Amino acid sequence: MNILKKSIILGIAATIQGVSMATFLFPHFIPSGGAASLGVVLNYLLHLPFAFTLWILNASLLVAAVKWLGKSSAIWTMYCVTVTSATINFISPLIEQPISNVILDLIIGSLIFGVGIGILFRMGASSGGMDILALILSKTKGLPPGKTLFWINGSLLVLTGVVVDWTIILYAVVCQFIGTRIIDIIYKLPLKSRELEVVNGYESI
């Protein structure tokens, strides 16, 4: 798979993720993952700036991504994080109120979120945050990435619920449950041998 084709596919997947977050999840203040939850907890307990916490976390995990997943995976992850962030920044001002009720938006958003992340995982990239840790454990331990991500994010979300507020966190756990199941479905889809080499070997750029 050439660089242009891969960048287009990853760009679409990262955009899908950003759309799900900005359109369906964020209007209800539902955190989409463990990195954001950890930032909330540290800000609440230690008054650390939210942006600073997320930057340090993602920087540390990207260093780990270079070591365990390779330079290519880290670069593609940075690309995907940028596309997702740009999508969210573009859409968020346009969404003045939730599209529907919280349950319907939660289900739709979680399904779309899972599709976006699932494609990123199959292509050897991620959206940053705890996705990187899930990919590392999947590659080194052979664990299903979706289920691994669910337990990592779920644990951090529960911690946030204990420290801050349970209501929104319960929705976030449901989001993780639905989204990570979709991730594992996409991750297990059969691919042609050449595509498998790209996914498992994180083809260099």
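Here are some worked exercises on the predicted model above.

Before starting, note that residues are numbered from 1 along each chain as its sequence is written. Since this is a predicted model, local features need pLDDT of at least 70 and side-chain atom pairs count only at pLDDT 80 or more, while totals for chains, interfaces and linings use all residues; side-chain values use heavy atoms, with hydrogens and water left out.

**Exercise 1: confidence**

Work out which helix has the lowest mean pLDDT and which has the highest.

Solution. Start with the term: pLDDT is the predictor's confidence in each residue, from 0 to 100. For the chain, the mean is 81, with 91% of residues at 70 or more. Now go by element: helix α9 (residues 193–201) sits at the bottom with a mean of 44, and helix α5 (residues 102–122) at the top with 93. Over residues 193–205 the pLDDT is below 50, yet this stretch has 30 contacts in the model beyond near neighbours in sequence (contact means heavy atoms within 4.5 Å). Where pLDDT is low, the predicted coordinates should not be read in detail.

**Exercise 2: overall fold**

Count the helices and strands, then compare the radius of gyration with the globule rule.

Solution. Helices (H or I, at least four residues) and strands (E, at least two) are DSSP runs, numbered from the N terminus. The tally is nine helices and zero strands. The radius of gyration is 16 Å, close to the 17 Å that the globule rule gives for 205 residues, so the chain is as compact as a globular protein of that length. (The radius is taken over C-alpha atoms, and the rule is 2.2 Å times the number of residues to the power 0.38.) As for contacts with a separation of 6 or more, 77% of them join residues 24 or more positions apart.

**Exercise 3: helix α6**

Check whether the length of α6 fits its residue count, and list its buried residues.

Solution. The expected span of a helix is 1.5 Å times one less than its number of residues. With 12 residues (130–141), α6 should span 16 Å, and its end C-alpha atoms are 16 Å apart, which agrees. For burial, use these bins: buried means under 20% relative accessible area, exposed over 50%, partly exposed in between (1.4 Å probe, protein chains only). The buried residues of α6 are Met130, Asp131, Ile132, Ala134, Leu135, Ile136 and Ser138. After the helix comes Gly142, with a positive phi near 75°.

**Exercise 4: three residues**

Sort Ser7, Ile12 and Thr160 into the burial bins.

Solution. Take helix α1 (residues 3–25), where Ser7 is found. Ser7 counts as buried at 17% relative accessibility, and its contacts, leaving aside neighbours within four places in sequence, are Trp76 and Tyr79. Ile12 lies in α1 too, but is partly exposed at 49%. Ile12 and Gly116 are 104 residues apart in sequence, with their C-alpha atoms 8.0 Å apart in space. Move on to helix α7 (residues 145–163), the place of Thr160. Thr160 is buried at 4%; leaving aside neighbours within four places, Thr160 touches Ser37, Val40, Val41, Asp165 and Ile169.
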